[in-house]
Amino acid sequence: MGEERLAEFYGLKIWPMDPKTKEGQARFKTALDSFKHLVSHDFFKSVIENRDSIEILEVCSGTGIGGCALAKILNELGIKVNLLVTDIRDEDLDKASEWVDFNIQLDVMVLDARETHKLDRKFDVVLMYGSSSPHFNPWDMMRVLTGISYVLRDNSLFIMEDVDRRYNIFYLMKYKDVITGKTLDGSIYLDMHTGYDIVRGVFKRTYTILPRAEKVIEIESYFWGIAELAALSWIFFMDVDIVRVNRQYFILAAKPRRKILPNDLSENPRVLKSPSL
C-alpha cells in the first residue's frame, strides 16, 4: 500500500495518532504500562543486562508513541536510548519529535518496512507497535521479518504488538459487509467490503465520510491472528514468546537466525507474477 493512500486513510481520523491529543496521551500511557511489564521478560533482560545504552529501531512507527514509551521506561532504568523511528508517512514522522520531553537521541526516517534491510545500521531492539500487521499480506510480511532479522545484532530482540483479528473479527464480531462509526472529530464514516484477493489473502474495504462521501479510499488488509505472526517470526528467530499485557498481545522474538536473507526474497514467486491476477 503506497504512502499517498495510507496518508489519506489515516487522514480520515478514525484512529488516534497525534500524541498531543487526549486520545494520543492515553495511547502513550498504555504503552508505558505495557513496557514496564515487558522489560522484566527474560528475552528483554538478556538484551539490556549490563548495558548503559542501546539502539532501537521502530518500524511502522506513526508518530513514535510506542518507541518513545519504550525509551522512557529504559531511561528510568538508567539506560541511554538511541531511537530511530521510521514510517512510510512523513506527515506523522514530523510529529514524532515535537512532544518528547525526556532524555533520548531521536532520529526519524521515511522508510517502507519491507525495505528495512537497506539500513546501514545494526540495532539491539526492533519494535513494531500499533497493530500495523494488516498493512502487510503474508508475502510482504516475509520480507518485513527477514529485513528486521537482518538489521538486528546477535543478542537482540524483535517486539511486535498486535491483536488477534481472526478471533475478534471473524468469530466475536462476525465479518460484516458494512460498518459505520465515528471519527475523532465526530463525523460519521462508512466502512464497506469491496473485494477479496485469494492469492494475497487481503480483504478490500472502502471508507468514506458521510454525508457527502466526497473522499472514497479503498484499503487492503490482511486479518492476522497472533499464532500466524508468532509462527512466521519463529522462521527468522530462534526463540519466540507471546505475552499478554491487559488487552494487548506482544510477540517477542529473540536471536535472529539469518538463514533466509533479504536477497533470497527479492524476486516474487510465479504466483505473484501471473498476468491473470
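Let me start with a small sheet: four strands make an open sheet in the order S6-S7-S8-S9, with antiparallel pairing. Strands here are DSSP runs of E with at least two residues, helices are runs of H or I with at least four, and both are numbered from the N terminus. Two strands count as paired if DSSP finds at least two bridges between them. At the edges sit strand S6 (178-182) and strand S9 (216-221), each pairing on one side only. From one strand to the next, the twist averages 30 degrees.

Before I go on, a word on the source: this is a predicted model, where local features need pLDDT of at least 70, side-chain atom pairs count only at pLDDT 80 or more, and totals for chains, interfaces and linings use all residues. Residues are numbered from 1 along each chain as its sequence is written, and side-chain values use heavy atoms, with hydrogens and water left out.

Back to that sheet. Strand S7 (residues 188-197) and strand S8 (residues 202-210) run antiparallel and are joined by nine bridges. If you want a spot to click on, Met 192 stands opposite Thr 206 in S8. Just after S8 there is a cis peptide bond between Leu 210 and Pro 211, with omega about 5 degrees. Pro 211 belongs to the loop between S8 and S9.

Now the other sheet. Seven strands form an open sheet with mixed pairing, in the order S3-S2-S1-S4-S5-S11-S10. Strand S3 (105-110) and strand S10 (237-245) are at the edges with a single partner strand each, so one side of each has no neighbour in the sheet. Ignoring direction, neighbouring strands of this sheet are turned by 20 degrees against each other on average.

Within it, strand S5 (residues 152-162) pairs with strand S11 (residues 248-256) in the antiparallel sense, over six bridges. Leu 157 has Ala 254 in S11 as its bridge partner.

What lies across S4, S10 and S11? That is H2, which lies across strand S4 (123-128), S10 and S11 and runs at about 45 degrees to S11. Helix H6 (residues 138-151) also packs on the sheet, touching strand S1 (53-58), S4, S5, S10 and S11, and its direction makes about 140 degrees with that of S5. Contact, by the way, means heavy atoms within 4.5 Å, and angles run from 0 to 180 degrees between N-to-C directions, with axes fitted to C-alpha atoms, for helices over the stretch in contact.

H2 has a helix partner too. The axes of helix H2 (residues 22-38) and helix H4 (residues 65-76) come within 9 Å and cross at roughly 45 degrees. That makes H2 oblique to H4; under 35 degrees would be roughly parallel, over 145 roughly antiparallel, 65 to 115 roughly perpendicular, and the rest is oblique. On the H2 side, the contact residues include Phe 28, Leu 32 and Phe 35, and on the H4 side they include Cys 68, Leu 70 and Ile 73. By class, this contact has nine nonpolar, two polar and three charged residues.

One backbone detail lies in the loop between S1 and H4, where we find Cys 60. Phi of Cys 60 is near 50 degrees, a positive value in a residue other than glycine.

To finish, the whole protein: its secondary structure comes to nine helices and eleven strands. The C-alpha atoms fill a box of roughly 55 × 45 × 35 Å along the principal axes. Thanks, everyone!

Technical notes:
Nonpolar A, V, L, I, M, F, W, Y, C, P; charged D, E, K, R; others polar.
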